[in-house]
Amino acid sequence: MIKIKTVLTIMLFLNIITFDIVASDKYQIGVSEIPSLLNYQEKTPGSYNYVLRELSDIELVFIPPARSVHMFNQKKLDCLFPASTQTILGTHNLVESTPIQVAKAFLFTNKPYQSFNEFSDKTIAIRRGFSYGNIRKNFKTKFIELDSHNAVVKFFLLGRADGFIAYLTDTQSAYLHLNNNLSSSGTFYNPEQAIYAARESFVCHQNEKNKRFIENVSKRIDHWKKNGRLKKWLAIKLN
C-alpha cells in the first residue's frame, strides 16, 4: 500500500513538472481588455479574440495597459498585443509583426471645432496608460485620466469633460457597450484631423525564439488578409 502511494505521489509530481514546463514554454502575451475588440470573457469574443484563438502557442495575461508595459519592460512578458514600437522605448531591442490594422486616435467633442487649440483650457478625458504619441506633453490642456474606454466615454456623456481622446475603434466599441451608437450620438470628431495613428501589432523582445514567433505570426496575418478572414473578424461587434 505504501509502495502504491509512493508511485502515485511520484507520478503526480512528474505531472506537475510537465505542466509547468508546457505552460512556461508558451509565449506570455500581455493584453488589456478593449470592449468588442478584446475581451476576457470568451462567451463574448471580440474581433481580436478570433485572431488570438488561431495561435496555440501563446498564453494571454490580462492586465491594465500601464502595468503590462511595466512588466514587459522588466521582461516578465514576452510580447504585447496590440502594440507598436512607435510607443515603446528601446525599439532596437524589439521585434514587431505585420500590423492587424492601423488605429487612429481623435479628439471627440460635443461640438465641431477647427483646431485642437480651441480646447487648450478645457477638460479632456483620456484613458490611463495610453500615451497617444505623448499627447499629454504636446497638447496643453487639463487631462482627467480614467481606467477604461467605457469610463472615458461615460464621463464625457455625463457632461464632466469637454471632450476625450481615444482611438476610433475603441470609441465605437465603448459606445456599443454603453448601448449607444457613435454615429447617431451627436458626438463630433474630425476624420481628417487624427491626433495619432498607431500600428496594432505583436511586439516582442528581440531574441531568436521571439523572432521565429513574429515571423510566423506575420505570415499568418498576411494570409488572413489575403483570404478575407481578418476583414471578417474585424467586422465583428458585440451585441
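Residues are called buried here when their relative accessible area is under 20%, exposed when it is over 50% and partly exposed in between (1.4 Å probe, protein chains only). The structure is a predicted model, in which local features need pLDDT of at least 70 and side-chain atom pairs count only at pLDDT 80 or more, while totals for chains, interfaces and linings use all residues. Residues are numbered from 1 along each chain as its sequence is written, and side-chain values use heavy atoms, with hydrogens and water left out.

A good place to begin is with the aromatic residues. Rings of Phe, Tyr and Trp (its six-membered ring) are paired if their centres lie within 6.5 Å, with planes under 30 degrees apart taken as stacked, over 60 as edge-to-face and the rest as tilted. This rule yields 18 aromatic pairs. One of them joins Tyr113 and Phe119 edge-to-face, at 5.6 Å centre to centre and 85 degrees between the planes; both residues are buried. Phe139 and Phe143 also pair edge-to-face, with 6.3 Å between centres and 75 degrees between the planes. Phe139 is buried at a relative accessible area of 7%, and Phe143, at 18%, counts as buried too. These four residues belong to one aromatic cluster with Phe116 and Phe188.

Helices (H or I, at least four residues) and strands (E, at least two) are DSSP runs, numbered from the N terminus. Helix H6 (residues 168-177) is largely enclosed by the rest of the structure, because seven of its ten residues are buried. Among the buried ones are Leu168, Asp170 and Tyr175. Their cover, judged by contact (heavy atoms within 4.5 Å), includes strand E5 (101-109), helix H5 (149-157) and strand E8 (163-167). Just after H6, Asn179 adopts a positive phi of about 60 degrees.

The whole structure holds one disulfide, a term for a pair of cysteine sulfur atoms within 2.5 Å. The bond is formed by Cys79 and Cys204, whose sulfur atoms are 2.0 Å apart. Cys79 lies in strand E3 (residues 79-83) and Cys204 in strand E9 (residues 196-205), so the pair ties together parts that are 125 residues apart in sequence. The link of Cys79 and Cys204 is right-handed, with 100 degrees about the S-S bond. Both Cys79 and Cys204 are buried.
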